[in-house]
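Here is a brief report on one protein chain. Look at the sequence and the structure first, then read on.

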Amino acid sequence: MEIRKLKENDVEQYLELRLESLQKNPEAFATSYEEEKEQPVELYKNRLKEQGLSITFGAFENSQLIGIITIVRENKQKLIHRANIVSTYVIPQKRGCGIGKKLLVQAMKEAQSMEGIEQLYLTVASKNQVAKHLYKSVGFDCFGTDRKALKFQHAYVDVDHMVLYF
């Protein structure tokens with residue numbers, strides 16, 4: 001397995017996996033499949049090409065993208081010391097194999113290498129015990145819960161906010 005930054009030429013595999021994540025785990029993302037599928041492929045290609053405020057890593061097995069994670073750096077003057085982990089996903093048949101942790105550790109290393117970053121944030125569905133355990137295992141702490149943060153098909157999802165201080 002290889003973990004590396006995604007590039008512009010990875011856009012098709014990335015978009016396929018991103019849409020899969022939104023379909024299979026809609027409770028885990030603020031964006032919906034219906035919203036995302038309408039976006040032009042050029043939007044994603046530019047994100048992967050520029051990788052300025054956001055950097056996306058992919059886990060590959062036999063040249064097939066099986067997991068993703070994105071870091072987004074804050075750009076406001078008072079928040080410039082912070083970055084966020086978003087859009088984390090590993091295909092269901094590869095979960096429990098340590099891929100999510102490897103992606104997370106790579107993202108953490110990248111955030112630590114960014115000049116001025118002191119804090120790394122993420123959100124996770126409160127009921128997602130597996131993900132919360134993973135995040136805690138690498139040093140993230142929960143600092144609050146946003147009740148009814150997301151609403152999907154008439155059901156609410158509580159979201160925990162977590163932080164890692166460098």
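What share of the contacts in the protein chain with a separation of 6 or more comes from residues 24 or more positions apart? That share is 60%. The model is a predicted one.

**Overall build**

The protein chain holds 5 helices and 7 strands. In sequence order they follow the pattern β-α-α-α-β-β-β-α-β-α-β-β. The C-alpha trace spans about 40 × 35 × 35 Å along its principal axes. A compact globule with 166 residues would have a radius of gyration near 15 Å, and the protein chain agrees because it has 15 Å. Of the 166 residues, 41% count as buried. The exposed area is about 9,700 Å². Carbon and sulfur atoms supply 46% of that area.

**The sheet**

The 7 strands form an open sheet with mixed pairing. Their order is 1-2-3-4-5-7-6. Strand 1 (2-5) and strand 6 (141-152) stand at the edges. Each has a single partner strand, so one side of each is left without a neighbour in the sheet. On average, neighbouring strands are turned by 25° against each other, direction ignored.

Strands of a sheet can pair in a parallel or an antiparallel way, through backbone hydrogen bonds. Here, strand 1 pairs with strand 2 (residues 54-61) in the antiparallel sense, over 4 bridges. Within strand 2, Phe-60 is the bridge partner of Glu-2.

**Helices on the sheet**

Helix 4 and helix 5 both pack on the sheet. The table lists the strands they touch and one angle for each helix.

| Helix | Strands touched | Angle between directions |
|---|---|---|
| Helix 4 (residues 99-113) | strand 1, strand 2, strand 3 (64-73), strand 4 (82-90), strand 5 (119-125), strand 7 (155-165) | about 30° with strand 3 |
| Helix 5 (residues 129-137) | strand 4, strand 5, strand 7 | about 165° with strand 5 |

Strand 4, strand 5 and strand 7 are touched by helix 4 and also by helix 5.

**A loop residue**

Where is Gln-93 found? Gln-93 lies in the loop between strand 4 and helix 4. Is Gln-93 buried or exposed? Its relative accessibility is 58%. The cut-off for exposed is over 50%, so Gln-93 counts as exposed. Gln-93 and Ile-68 are 25 residues apart in sequence. In space, their C-alpha atoms are 14 Å apart.

Key: Residues numbered from 1 in each chain as written. Predicted model: local features only at pLDDT ≥ 70, side-chain atom pairs only at ≥ 80, totals over all residues. Heavy atoms only, no water. Pairing = 2+ DSSP bridges. Helix = DSSP H or I, 4+ residues; strand = E, 2+ residues; numbered from the N terminus. Axes fitted to C-alpha atoms, helices over the stretch in contact; angles between N-to-C directions. Contact = heavy atoms within 4.5 Å. Rg over C-alpha atoms; globule rule 2.2 N^0.38 Å. Buried < 20%, exposed > 50% of the residue type's maximum accessible area, 1.4 Å probe, protein only. Areas by Shrake-Rupley, 256 points an atom, 1.4 Å probe, with all protein chains shown as cover.
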